[in-house]
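Biologist: Could you take me through this model, feature by feature? I will ask, and you reason to a value or a name.

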Amino acid sequence: RFSGAISLHCWDGQVTMNASFGRCQRHCLPGAISSAGSPSDFASARRNVSYGLLEHSTEVNLTCNPGFYSYPEDMLYVIGETDQLIYQQPLRALHPTMDYGVAINEYKRVLSVSVYEDIMYVVGAEDFRIYKQAVSQITPTSFWGDPISETLHCIYAAVEDAVIYAVGRMDGLVYKQPLSGMKIYSSWTKLTEDPQNISAVAVVGEKIYVLDDEERRVYMHVGLEPFANWTGPISGPWALQLRSLKIVQGVAYVVAKDNIYKQALENMTINTLWQGPLSNEQPLSSLTVVLVNTSNTQGVWNAGFNGTLTLQCFDGDVELLGGECRMHCEKGSVITNGVVLDYENMSHGDNTTLACPETHFGDLLVKCDDGRTYFEGSCGQNCPEMLVQTNGANVTIPITAHSDDENFWTNIPCPDWWYGNLTYRCFMGEFRWYGECLRSCVAGRFTTPSSGGYVDYPQMNHTQRYEGKCIAPPASLLSYTGSVKFECVDGEVVPFGRCYGDCTDGTVNNNGVEINFGLIPFGTTAQFVCEPNHMF
């Protein structure tokens with residue numbers, strides 16, 4: 001499409017066109033354009049913004065693609081008739097032109113496949129035993145391990161409501177066993193009595209459906225206890241040659257003539273035609289259909305973008321005039337000092353604060369920038385209670401929160417009759433401390449060796465001082481002068497001073513004169529008068 005006008009001039013039978021007098025300008029066809037992303041852009045395809053047909057010279061503003069949730073898909077599993085391998089495709093892809101792709105297993109030939117609660121159960125084509133493996137772990141080279149049952153050789157197995165139903169290889173009878181009690185040598189409960197030509201079995205509630213391998217029609221029975229007779233056939237026509245059967249949510253899926261057909265159970269009669277073919281003709285031997293209940297399933301968020309783009313169409317070419325698409329951030333986790341913290345989806349430019357667990361101190365600020373997250377902060381591990389022994393004293397440091405501040409210290413006093421305190425801080429789960437507890441001094445007695453005088457002193461803390469007067473021992477006629485000062489230094493009593501003995505009553509002879517004197521305190525002088533009438 002074009003727009004514009006041109007000017008044509010006729011001169012002597014010739015038409016000329018002058019570009020300066022107009023031009024037919026092309027419109028721009030629908031397409032997609034991308035703003036510049038990060039150098040290592042991991043979502044370039046989603047960064048593209050689609051636009052419709054644009055007329056020449058038109059400017060448009062386009063909103064960048066928003067995010068969306070994706071949910072688990074309903075799946076179709078089929079078994080190739082010739083290679084006995086499993087193929088899978090989303091059920092929505094079921095179409096006469098569909099391609100089954102490549103097999104999901106290479107080393108395990110199977111006869112049937114069933115999926116229950118994300119576990120796949122298969123019957124091995126070589127040994128007719130049942131194997132299982134998580135669907136998420138299946139790869140082309142997966143090892144399926146040992147069989148889960150050795151007591152029954154079967155050709156078909158299906159799991160419904162935590163019960164596994166199997167068709168015996170030798171007798172064609174239907175057996176069952178609950179998954180909860182299944183062991184490798186567990187016995188099976190036989191449901192049918194008479195030999196049948198059953199090739200597939202399906203259970204819906206209290207009804208059991210089977211596929212007769214000779215008549216190629218569906219039979220049914222109500223009740224899951226052992227029985228003898230079937231109701232049916234309940235399907236047709238015989239010419240369709242049914243080969244496999246799976247029933248989900250009231251719809252029966254079958255393999256017939258190398259195609260997949262379906263029919264609602266409520267409409268199934270021997271005269272009702274099957275809908276199909278639904279698939280591309282391929283040699284198939286069996287199938288199963290898995291419908292995912294997404295009512296309680298949290299979808300996977302596919303992050304979108306923030307921003308708008310301004311485009312202009314000029315003569316068929318689209319030009320980006322401005323704008324950017326900045327990617328939102330999908331939910332994830334950050335790790336700090338061994339702590340894993342989860343964050344939810346965030347829009348570009350947003351941030352969120354994550355609190356550290358109780359065992360750690362701090363929080364993280366997580367920022368979203370064009371699809372990538374960055375965080376500030378850390379979770380420092382708290383310190384558990386610790387017993388410190390210093391100079392014989394036991395000091396218990398309590399549970400303490402981590403701190404990045406190297407100037408943040410806490411004091412804790414020494415226990416009773418100890419002097420001082422410890423200074424500590426917690427960093428990344430380890431205590432750092434310094435200080436000392438100095439010992440107290442027990443009560444005691446100081447005795448002057450030469451004189452025998454003594455002083456009793458009480459219990460004292462470190463640096464504490466005491467002064468006591470000298471006293472004589474009990475029942476002693478002596479007396480003492482003086483006092484002693486004491487100081488407690490880390491458990492040791494240091495004395496200053498001593499006890500001096502006084503001079504007790506007595507007699508002295510001076511130049512033939514006996515002079516009687518009383519108590520003379522230490523360091524003092526007493527005057528005594530000679531007796532005038534004393535005669536030699």
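The exchange below moves from ground rules to sheets, pockets, a cavity and single residues.

Biologist: What ground rules apply to the model and its numbering?
Modeller: The model is predicted, with local features needing pLDDT of at least 70 and side-chain atom pairs counting only at pLDDT 80 or more, while totals for chains, interfaces and linings use all residues. Residues are numbered from 1 along each chain as its sequence is written, and side-chain values use heavy atoms, leaving out hydrogens and water.

Biologist: In the open sheet E39-E41-E42, which strands stand at the edges?
Modeller: Strands here are DSSP runs of at least two residues, numbered from the N terminus. Two strands pair if DSSP finds at least two bridges between them. The three strands of this sheet are antiparallel. One side of each edge strand has no neighbour in the sheet, because each has a single partner strand; the edges are E39 (410-413) and E42 (430-435).

Biologist: By what angle are neighbouring strands of this sheet turned against each other on average?
Modeller: Axes are lines fitted to C-alpha atoms, and angles run from 0 to 180 degrees between N-to-C directions. With direction ignored, the average for neighbouring strands of this sheet is 30°.

Biologist: Which residue in E42 is the bridge partner of tyrosine 424?
Modeller: Strand E41 covers residues 421-427 and pairs with E42 in the antiparallel sense over six bridges. In E42, the partner of tyrosine 424 is tryptophan 433.

Biologist: Where is methionine 428, and is it buried or exposed, or partly exposed?
Modeller: Methionine 428 sits in the loop between E41 and E42. Its phi is near 50°, a positive value in a residue other than glycine. Buried means under 20% relative accessible area and exposed over 50%, with partly exposed in between (1.4 Å probe, protein chains only). At 29% relative accessibility, methionine 428 is therefore partly exposed.

Biologist: Which element gives the largest share of the lining of the largest cavity?
Modeller: On a 1 Å grid over the protein atoms alone, a cavity is a set of points where a 1.4 Å probe fits but cannot get out, and lining residues have an atom within 4 Å of a point. The largest cavity holds about 30 Å³ of space, and its lining includes Thr400, Phe408 and Tyr424. Three lining residues come from one element, E41.

Biologist: How many residues line the largest pocket, and which are closest to its centre?
Modeller: A pocket is an open set with protein on both sides within 12 Å along at least five of seven lines. The largest pocket holds about 800 Å³; a volume is the space filled by probe spheres set on the points, with grid points joined across faces, edges and corners. It has 29 lining residues, and the closest to the centre are Val115, Tyr116, Glu117, Val290 and Leu291.

Biologist: What is the volume of the second largest pocket?
Modeller: The elements that give two or more residues to the lining of the second largest pocket are E11, E14, E18, E21 and E24. Its 13 lining residues include Leu111, Ser199 and Asp213, which are among those closest to the centre. The volume of this pocket is about 260 Å³.

Biologist: Which residue in E12 stands opposite valine 115?
Modeller: E11 belongs to an open antiparallel sheet, E11-E12-E13. E11 and E12 (residues 119-124) pair over six bridges. Opposite valine 115 stands methionine 120.

Biologist: Which residue in E24 is the bridge partner of valine 78?
Modeller: Six of the seven residues of E24 (284-290) are buried. Strand E9 (75-80) pairs with E24 in the antiparallel sense over six bridges. The partner of valine 78 is leucine 287.

Biologist: What is omega at the cis peptide bond between glycine 276 and proline 277?
Modeller: Proline 277 is found in the loop between strand E23 (259-264) and E24. A cis bond also joins glycine 232 and proline 233, with omega about 10°. For glycine 276 and proline 277, omega is about 5°.

Biologist: Which residues does proline 384 touch, not counting those up to four places away in sequence?
Modeller: Proline 384 is in the loop between strand E36 (380-381) and strand E37 (386-390). At 52% relative accessibility, it counts as exposed. Contact means heavy atoms within 4.5 Å. The residues touched by proline 384 are Ile399, Gly429 and Phe431.

How values were computed
Helices (H or I, at least four residues) and strands (E, at least two) are DSSP runs, numbered from the N terminus.
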